[in-house]
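Thanks for sharing this one. Here are some notes to read with the structure open beside you.

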Amino acid sequence: MKGILIILGILSLGELISWLTGGFVPGNIFGMVIMFLALQSKLIKEDSVSSVCTILTKNMALMFLPAGVGLMAAYELIAENWISIVLNITVTTLIVMAVVGLIVEKHKKEDNKQ
């Protein structure tokens with residue numbers, strides 16, 4: 001019960017921060033950052049949330065149901081724009097891969113110099 005309350009409390013805090021900042025960044029993103037910082041700084045002990053996190057990750061497929069239903073509800077819109085959607089996904093994936101590759105190469109060169 002303690003773990004659920006901690007997670008829901010941090011999620012609520014993230015939602016509040018998102019609301020206060022105009023909602024530009026979703027509350028769950030703020031919540032994840034807060035949780036990360038709290039765990040890293042040992043403000044929250046890993047043992048107090050690990051059992052709840054295990055349950056949530058084992059049942060992660062349930063978290064995608066609302067998104068899947070939303071996709072089905074927008075089927076006509078997706079069908080009309082599928083070419084641009086696939087093109088955007090392809091281009092952005094290639095950009096991300098290229099940037100990550102360049103960063104890794106740069107770090108490898110710096111590591112070899114040391």
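Which helix is Ser-18 found in? Ser-18 belongs to helix 1, and that is a good place to begin. Please keep in mind throughout that this is a predicted model.

1. Ser-18 and its surroundings. With a relative accessible area of 7%, Ser-18 falls under the 20% cut-off and therefore counts as buried. Leaving aside residues up to four places away in sequence, Ser-18 touches Gly-23, Val-25, Pro-26, Gly-27 and Phe-30. One of these contacts, Gly-27, is also among the buried residues of helix 2.

2. Length of helix 2. Does the span agree with what the residue count predicts, or disagree? Helix 2 covers residues 27-40, which makes 14 residues. At 1.5 Å a residue the expected span is 20 Å, and the C-alpha atoms at the two ends are 20 Å apart, so the two values agree.

3. The buried side of helix 2. Gly-27, Gly-31, Met-35 and Ala-38 are the buried residues here. They lie on the same side of helix 2, because the arc they cover around the axis is only 75°. The spacing fits a general rule: an α-helix has 3.6 residues a turn, so residues three or four places apart point the same way. As for partners, the buried residues of helix 2 pack against helix 1 (2-20) and helix 3 (46-58).

4. Two C-alpha distances to Gly-31. Gly-31 gives a handy reference point for placing helix 1. Gly-9, which lies in helix 1, is 22 residues from Gly-31 along the chain, and their C-alpha atoms are separated by 9.0 Å. For Ser-18 and Gly-31, the separation is 13 residues in sequence and 9.4 Å from C-alpha to C-alpha. Gly-9 is partly exposed, at a relative accessible area of 37%, whereas Ser-18 is buried.

5. The other face of helix 2. Which exposed residues sit on the face turned away from the buried side? That face of helix 2 carries Met-32 and Gln-40. Met-32 also takes part in a nonpolar surface patch of about 490 Å², together with Ile-29, Val-33, Phe-36 and Leu-37. Phe-36, one of the patch residues, is found in helix 2.

6. After helix 2. Lys-42 follows helix 2 and has its place in the loop between helix 2 and helix 3. Its phi is near 65°, a positive value in a residue other than glycine. For context, most residues other than glycine have a negative phi. Lys-42 counts as exposed because its relative accessibility is 65%, over the 50% cut-off.

7. Farther along the chain. Pro-66 lies in helix 5, which runs over residues 65-73. Is Pro-66 buried or exposed? Pro-66 is exposed, with a relative accessible area of 59%. Pro-66 and Met-97 are 31 residues apart along the chain, and their C-alpha atoms are separated by 29 Å.

Technical notes:
Residues are numbered from 1 along each chain as its sequence is written. This is a predicted model: local features need pLDDT of at least 70, side-chain atom pairs count only at pLDDT 80 or more; totals for chains, interfaces and linings use all residues. Side-chain values use heavy atoms; hydrogens and water are left out. Helices (H or I, at least four residues) and strands (E, at least two) are DSSP runs, numbered from the N terminus. The expected span of a helix is 1.5 Å times one less than its number of residues. Buried means under 20% relative accessible area, exposed over 50%, partly exposed in between (1.4 Å probe, protein chains only). The arc is that of the directions from the helix axis to the C-beta atoms. Contact means heavy atoms within 4.5 Å. Patches are made of residues with over 30% relative accessible area and no salt bridge: like charges are joined within 9 Å, nonpolar side chains (Val, Leu, Ile, Met, Phe, Trp, Tyr) within 5 Å. Accessible areas come from the Shrake-Rupley method with a 1.4 Å probe; for residues, only the protein chains shown count as cover. A salt bridge is a side-chain nitrogen of Lys or Arg within 4 Å of a carboxyl oxygen of Asp or Glu.
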